[in-house]
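Trainee: I have a protein with a bound ligand to look at. Could you show me how to read a binding site?

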Amino acid sequence: MNGGILVVTAVGAEADAVRAGLVDDTVTVAPVGVGPAAAAAGTARLIALAEAGGTPYRAVVSAGIGGGFPGRAPVGGTVLGTRSVAADLGAESPDGFLTLDELGFGATTAPADPALLDLLRTCLPYAVTGTVLTLGTVTGSAATTAALLARYPDAVAEAMEGYGVAVAAGAAGLPFAELRTISNPIGPRDRAAWRIGDAFAALTAAFATVAPKL
Ligand SMILES: O=C(O)c1cccc(C(=O)CC[C@H]2O[C@@H](n3cnc4c(=O)[nH]cnc43)[C@H](O)[C@@H]2O)c1
């Protein structure tokens, strides 16, 4: 895949970690804010500006740190999303959570582009592959962790931006993928368990391998 790749992160420190792995300027890295709304709005604006400037992007990657489901994605590990799912977009009911799809209002799943995902998997054979959840609220209890896994048995990680980035990329007809490195286990809130430095190092290592192939 030649040039014009947009990598969207939430915060500047994630963008710096990605840039530390790059050797040239074929990849544009931009922090657009935390959460799905900031991710969607920021990504859409960057895509539109590039199109208007005559240098459109060829693909979009949502990248950054995330939480890993214990036993599936270890802290310090790397995850590639087969799909990014807006896991809290829907309605509660006495019988359980209803997704937007079930309500008939749209889709909550954004699949990764197969060719882009294949390329990333080839570059990162050590990465865990599976569903990455996008949530507006960081999971902080065993009960929510279990409920999410019951609804999404193939979930490996969660973060707060992937689905938003995917919606913006999809609206522009661009291939999308999500790459996360794991800073913390998902479960009862425990700030002492965070390993942000390890996750940033893994982001740098991943993009050092991936960027020359994009
Ligand atoms: O205060 C806490 O307990 C807490 C726990 C996990 C994450 C946060 C954040 O505010 C981080 C938000 C930021 O980082 C990504 N991220 C990292 N880990 C997770 C996670 O376990 N669940 C969801 N998002 C996570 C996220 O994409 C944001 O950009 C605070």
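Trainee: Which strands each supply at least two residues of the shell around the ligand?

Mentor: Start with the shell, then trace its residues back to their strands. This is a predicted model. Here β3 (59–68), β9 (155–159) and β10 (176–185) each give the shell at least two residues.

Trainee: How many residues surround the ligand?

Mentor: Count the neighbours, then pick out the closest. The ligand has 16 residues around it. Glu158, Glu161, Asn184, Arg189 and Trp194 are the closest.

Trainee: How do the residues of the shell divide into nonpolar, polar and charged?

Mentor: Sort them by type. The shell holds 7 nonpolar, 4 polar and 5 charged residues.

Trainee: What lies 2.5 Å from an oxygen atom of the ligand?

Mentor: Look for pairs of N or O atoms within 3.5 Å. At that oxygen, the partner is a polar side-chain atom of Arg189. Glu158 places a polar side-chain atom 2.6 Å from a ligand nitrogen atom. Gly67 uses its backbone instead: an N or O atom there is 3.4 Å from a nitrogen atom of the ligand.

Trainee: How much of the ligand's accessible area does the protein cover?

Mentor: Compare the ligand on its own with the ligand in place. Alone, the ligand has 550 Å² of accessible area, and the protein covers 83% of that. The ligand sits in the largest pocket.

Trainee: What ipTM does the predictor give the complex?

Mentor: Check the scores last. The ipTM is 0.94 and the pTM is 0.96. The protein's pLDDT averages 96, with 99% of residues scoring at least 70.

Note on methods: Residues are numbered from 1 along each chain as its sequence is written. This is a predicted model: local features need pLDDT of at least 70, side-chain atom pairs count only at pLDDT 80 or more; totals for chains, interfaces and linings use all residues. Side-chain values use heavy atoms; hydrogens and water are left out. A residue is near a molecule or strand if one of its heavy atoms lies within 4 Å of it. A polar contact is a pair of N or O atoms within 3.5 Å; within protein, one must be able to donate a hydrogen and the other to accept it, and residues adjacent in sequence count only if both atoms are side-chain atoms. Accessible areas come from the Shrake-Rupley method with a 1.4 Å probe; for residues, only the protein chains shown count as cover. On a 1 Å grid over the protein atoms alone, a cavity is a set of points where a 1.4 Å probe fits but cannot get out, and a pocket is an open set with protein on both sides within 12 Å along at least five of seven lines; lining residues have an atom within 4 Å of a point. A molecule sits in a cavity or pocket if more than half of its atoms lie within 2 Å of its grid points. Helices (H or I, at least four residues) and strands (E, at least two) are DSSP runs, numbered from the N terminus. Ala, Val, Leu, Ile, Met, Phe, Trp, Tyr, Cys and Pro count as nonpolar, Asp, Glu, Lys and Arg as charged, and the others, Gly among them, as polar. pLDDT is the predictor's confidence in each residue, from 0 to 100.
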